[in-house]
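Visitor: I am new to this structure. Could you walk me through it with short questions and answers?

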Amino acid sequence: MEGRGPVHRQRPGPVTALTAARAPAEERRRARRARRHRRATRWSPYAFIAPFFLFFAAFGLFPLLYTGWASLHRVELTDPTHMEWAGLHNYSRLWDDEFFWNALRNTFTIGVISTVPQLLIALGLAHLLNYRLRGSMFFRVAILTPYATSVAAATLVFVLLFGRDYGMVNWALGLLGSDGIDWQNGTWTSQLAVSTIVIWRWTGYNALIYLAAMQAVPGDLYESAALDGASRWQQFRHVTIPSLRPTILFTVVVSTIGATQLFGEPLLFNGSAGATGGADHQYQTLGLYLYEQGWVNLHLGRASAIAWTMFLILLLIGAVNWLIGRRLRKSR
C-alpha cells in the first residue's frame, strides 16, 4: 500500500529475552520445591520415629524371636550355633523342675511383700505432699532420690544394714532385747530383707505418680465433701481413693511386672551365693533362675524357655489388668 513504509517488528531487548527464558526454569524449580515439601510433610514423621523402630527391632524384637526359637532346641552357650530340635521339651521339663517352682514361689512372695507396703506408703506420702507444705519441692526431690540410686549401691548398703554380726538392724533389735537374726540364711528373713530394698527404691517413684493424679482431682469435690462435714480422712477415703482407682491399678500392674523381673537385688544381696539365691535357694527369683541356667549352667535353651514363660506370665498380668480396667470403666 502507498504511503506506508515497511513494517519492522520490534525485537525484544536483552532483559526481556532473559526474563522469558528464565520463567519456565523458575516454574520448574517451584514445582520441584512443592513436590519436595509434600514428600517431606508426608514422610518426615516416619523418619523421626524410624530410629526407635530400628533399635527396637535390633535389641527388642530380634532377641525375643531368637529366644523363642532357641527355647525349642537343645543349645549350649558354649556353642550357640549348634541347635538340636527339642520341641516343647524345655517347657515340659519346667513342669517337673522343683527349682523352677521354688523360684516362682519366691518371686510371688517377694512381690507381695514388696508391692503392698510400697504402694501403701507411697499413697500416704503422696497424700501428705498434696497439701501445701513448706519446702514441698525439696521433699518431692528427696523421695525420688532412692529411685535415682543404682541397684548395686543400694543393695550393698542394705547388705551392711542386715549383717548378722555387725549390722545396724540387729544392733537396733539388740537394744530392744531381741537376739540377732541371720537375715541372709533364713527363708522369710532373706525375702523380707530383699523386699525392703525394693520398697526403699520404688516408694518415692510411685508416690510422685500418685501425687500427680491427686493434683488432677477437681477441688470442687473436696469443697463439697467439706461442706457436708467430711473430715480429711473421710475425704481421702471417699474422694481421693475412688478418683485414683485407674492410677492405683496402673501402679499395681507395673510393680507386679517389676517384681516378676526382679534380678539385681537378690543377686547382690549375698555375693558369695551368686545366682543360687542363698544356700537353699531361699530367695532365688525367676530372674536369678534364668541367669543360673543360661550363664552358670550354660543351658541356653532352658534359659530361653524360662524367659518365654516369664513373658507369658506378664501377658497374663496384662490381660488381668485389661479386664479389671474394663470393669472399672463400666462401673463409672
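Visitor: Are Glu265 and Arg201 buried or exposed?
Guide: This is a predicted model, and the call comes from its atoms. Buried means under 20% relative accessible area. Glu265 and Arg201 both fall in that class: buried.

Visitor: What do the side chains of Glu265 and Arg201 form, and at what N to O distance?
Guide: A salt bridge needs a side-chain nitrogen of Lys or Arg within 4 Å of a carboxyl oxygen of Asp or Glu. Glu265 and Arg201 meet in a salt bridge, and the N to O distance is 3.6 Å.

Visitor: How many residues apart are the two partners?
Guide: Glu265 sits in helix α11, residues 264-269. Arg201 sits in helix α7, residues 187-215. The pair links distant parts of the chain, with a separation of 64 residues.

Visitor: How many salt bridges does the count come to?
Guide: The cut-off is 4 Å between nitrogen and oxygen. The pair Glu265 and Arg201 is one of those counted. By this rule the count is 4.

Visitor: Which strands hold Arg74 and Glu84?
Guide: The side chains of Arg74 and Glu84 also form a salt bridge, at 3.9 Å from N to O. The partners are 10 residues apart and link distant parts of the chain. Arg74 belongs to residues 73-76 and Glu84 to residues 79-85, which are strands β1 and β2.

Visitor: Why do Arg74 and Glu84 count as partly exposed?
Guide: Partly exposed lies between the 20% and 50% limits. Arg74 counts as partly exposed because its relative accessibility is 40%. Glu84 is partly exposed too, because its relative accessible area is 42%.

Visitor: Which residue forms a salt bridge with Arg93?
Guide: The closest N and O atoms of the pair are 3.5 Å apart. Arg93 is partly exposed, at 27% relative accessibility. Its partner is buried, at 8%. That partner is Asp97.

Visitor: Which loop holds Thr78, and what is its relative accessible area?
Guide: Thr78 lies in the loop between β1 and β2. Exposed means over 50%. Thr78 is therefore exposed, with a relative accessible area of 62%.

Visitor: What separates the C-alpha atoms of Thr78 and Tyr289?
Guide: Along the chain, Thr78 and Tyr289 are 211 residues apart. In space, their C-alpha atoms are separated by 19 Å.

Visitor: How far apart in space are Leu268 and Val159?
Guide: Leu268 is in helix α11. Leu268 counts as partly exposed, at 30% relative accessibility. In sequence, Leu268 and Val159 are 109 residues apart. From C-alpha to C-alpha, the distance is 8.4 Å.

Visitor: Does the end-to-end distance of helix α10 agree or disagree with its expected span, and what is that span?
Guide: Helix α10 covers residues 245-260, which is 16 residues. At 1.5 Å a residue, the end C-alpha atoms should be as far apart as they are, so the two values agree. The span is 22 Å.

Visitor: Which residues of α10 are buried?
Guide: The cut-off for buried is under 20% relative accessible area. In α10 the residues that meet it are Thr247, Leu249, Thr251, Val253, Ser255, Ala259 and Thr260.

Visitor: What area does the nonpolar patch have together?
Guide: The patch is on the surface, and its members include Trp43, Phe52 and Leu65. Tyr46 is another member. Tyr46 is in helix α1 and is exposed at 52%. Together the patch has an accessible area of about 1,000 Å².

Visitor: Which residues form the positive surface patch?
Guide: Arg38 is one of them. Arg38 is in helix α1, residues 14-70, and counts as exposed at 51% relative accessibility. The full set is Arg28, Arg32, Arg35, Arg36, Arg38 and Arg39.

Visitor: What is the phi of His281?
Guide: Most residues other than glycine have a negative phi. His281 has a positive value. His281 is in the loop between α11 and α12 and is buried at 15%. Its phi is near 55 degrees.

Visitor: What is the phi of Leu298?
Guide: Leu298 lies in the loop between α12 and α13. Leu298 is partly exposed, at 29%. Its phi is positive, near 65 degrees.

Methods. Residues numbered from 1 in each chain as written. Predicted model: local features only at pLDDT ≥ 70, side-chain atom pairs only at ≥ 80, totals over all residues. Heavy atoms only, no water. Patch = residues over 30% accessible without salt bridge, like charges linked within 9 Å, V, L, I, M, F, W, Y side chains within 5 Å. Areas by Shrake-Rupley, 256 points an atom, 1.4 Å probe, with all protein chains shown as cover. Lys, Arg positive; Asp, Glu negative; His and termini not counted. Charge placed at Lys NZ, Arg CZ, Asp CG, Glu CD. Helix = DSSP H or I, 4+ residues; strand = E, 2+ residues; numbered from the N terminus. Buried < 20%, exposed > 50% of the residue type's maximum accessible area, 1.4 Å probe, protein only. Expected span 1.5 Å × (residues − 1).
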